[in-house]
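Biologist: I should like a close look at a single part of this protein, namely the surroundings of one aromatic side chain and the charged groups beside it. Please treat the contacts there in a connected way.

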Amino acid sequence: MRRVAESADPWRRLALEPPRAWGDTPVSGALRVEPADFRVDEKLGFQPDGGEAHRLLLVEKQGANTLFVARQLAARSGKPPGDIGFAGQKDRRAIARQWFSVPAGRESASFIGYTGEGFRVLEEHPHSRKLRRGALAGNRFRIRVRGLQGDAATIGARIEHLQSAGVPNYYGMQRFGNEGSNLDRIRRWLESGRLPRGREPRAFVLSSARSLGFNTVLGARVAAASWNRLLPGEVVNLAGSASVFAAEHPDEGLQRRLREGDISPTGPLCGAGGLLPGGEAGRVEGEALEAVAPLPALLAVAGVRAERRALVLRPAGFSHRIEGDVLEVEFELPRGAFATTVLRELLDVRVPEASGD
C-alpha cells in the first residue's frame, strides 16, 4: 500500500510492507475514497438453530467499530459488554454487515430496526449459543478502486492468476493499528516488561505481536520463493480447517494437493506449545524470527497458545468490471484473511485515509 512511507524501522517494513509474491503491478488506484467503496458481508458457518438463550443480530455499520457496536447492544439489552458475542472485528471505514449475539432477556422487544451512531440492526434470529470469535465461514467483499492509472487491460489476466495460484496470506495493515501504532505498543511492552491493563488493549498488543512474527516468516519465504511449496519438515494445514500435520519429507502427492488448494504450508502464531516445523522449514522459520526476537519467547511467557496459519490464501468467486477509471472487484475469503492482502498483489493502492478498526 502506498500509504506507508519508506521507513528505516525494520519492524514497520516487516509488518506493513512485506514483499509481493508476483512482482510490481502496472496499475494503481485509490481505495476508500468513499465509505461505500469498501463493503464486506460476513458469512456464518452455521444456520440459527431457533434456541431460546440468545438472539443473533445482523447489523449493518458504517463509521462505527465493532467494539462500539457491541457496547451499544449491551446497553440496549441490559447485559454486560462481555456477554455480547461477535465473530470478528470489521473495519470502521467500510460498510459492513456483521453478526452479533445478545443473551435473551425477559423483555421481548425486538432489536430489528434498532439504530445507533453508525449502525442499525437488520435481522434477528433465535439461537442457543453465544457467537464466538472465528465462528464464520468467511467474508464476501465488494470493493471499488477509483482513479485507475496504468495498463488496466492487464487486470483480468492478473485476477485469473491470483485466483489459481493464490497470494501470500499476510495480516493486513489494519492489524497493526493506524500508521502501525500497535508496533509502538509492542515496543513499550518489551521495554517495560508490562502489558497494558485492560482486556482489549492487552489483546491488541498480543495479537499484533503474533501477526508481526507471522508476516516476518511469510515475508522471508516469499523472498525465497518458498511460500507456495512444501519444505522438508513442514507443518501443513488442511484447507478450510484448523487441522495441521507434520510432513517430514513432502512427496509429489502432497505437492500436488498444495497446487490444487487442498493444503497449505503454515507459519507461526507464536506462543506456548503447539506443533513446530522441523528440517529445512524449521530452520527457515527460526532464522526469520530472529528479526523479531525476543517476541516469540515473551508471547509464550504471556500464556498465549501457539497456533499455525496457512501461508497461501486463495480468493474464491473473483469477478471484476471496469467503468472508465473505476475498478470494482468482488471475492470471498476465509475467516481471518484480509482483502487488502489480495488487492496489493493486484494493483498498487493509494489509501487517502487511515484504514483499520
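Modeller: A residue counts as buried when its relative accessible area is under 20%. By that cut-off Phe38 is buried, because its relative accessible area is 4%. The model is predicted, and the protein chain averages a pLDDT of 92, with 95% of the residues scoring at least 70.

A search of the whole structure finds 10 aromatic pairs. One of them joins Phe38 to Phe141 in an edge-to-face arrangement, with 6.1 Å from centre to centre and 75 degrees between the planes. Phe38 belongs to strand E2 and Phe141 to strand E8, so this pair ties together parts of the chain that are 103 residues apart in sequence. Phe141 is likewise buried, at 7% relative accessibility. Both rings belong to one aromatic cluster, whose other members are Phe318 and Phe331.

The ring of Phe38 also has a charged partner: the charged end of Arg32 sits over this ring, 4.1 Å from its centre.

The adjoining residue in sequence, Asp37, lies in the loop between strand E1 (27–31) and strand E2 (38–44). Its side chain meets that of Arg146 in a salt bridge, with 2.9 Å from N to O. The pair links distant parts of the chain, since Arg146 is in strand E8 (residues 136–150), 109 residues from Asp37. Strands E2 and E8 thus recur here: they hold Phe38 and Phe141 respectively. The two ends of the salt bridge can be described by their accessibility. Asp37 counts as buried at 0%, whereas Arg146 is partly exposed, with a relative accessible area of 22%.

This salt bridge does not stand alone. Asp37 and Arg146 are linked with Glu34, Arg144, Arg321, Glu323 and Glu328 in a network of salt bridges. Over the whole structure, a search finds 27 salt bridges.

A reservation applies to two stretches elsewhere in the chain. Over residues 1–7 pLDDT stays under 50, although the model has 21 contacts for them beyond four places in sequence. Residues 353–357 also stay under 50, with 20 such contacts. Where pLDDT is low, the predicted coordinates should not be read in detail.

In summary, Phe38 is buried, pairs edge-to-face with Phe141 and has the charged end of Arg32 over its ring, while Asp37 forms a salt bridge with Arg146.

Definitions and conventions:
Residues numbered from 1 in each chain as written. Predicted model: local features only at pLDDT ≥ 70, side-chain atom pairs only at ≥ 80, totals over all residues. Heavy atoms only, no water. pLDDT = per-residue confidence, 0-100. Contact = heavy atoms within 4.5 Å. Salt bridge = Lys/Arg side-chain N within 4 Å of Asp/Glu carboxyl O. Helix = DSSP H or I, 4+ residues; strand = E, 2+ residues; numbered from the N terminus. Buried < 20%, exposed > 50% of the residue type's maximum accessible area, 1.4 Å probe, protein only. Phe/Tyr/Trp six-rings, centres within 6.5 Å; stacked < 30°, edge-to-face > 60°. Lys NZ or Arg CZ within 6 Å of the ring centre and 35° of its normal.
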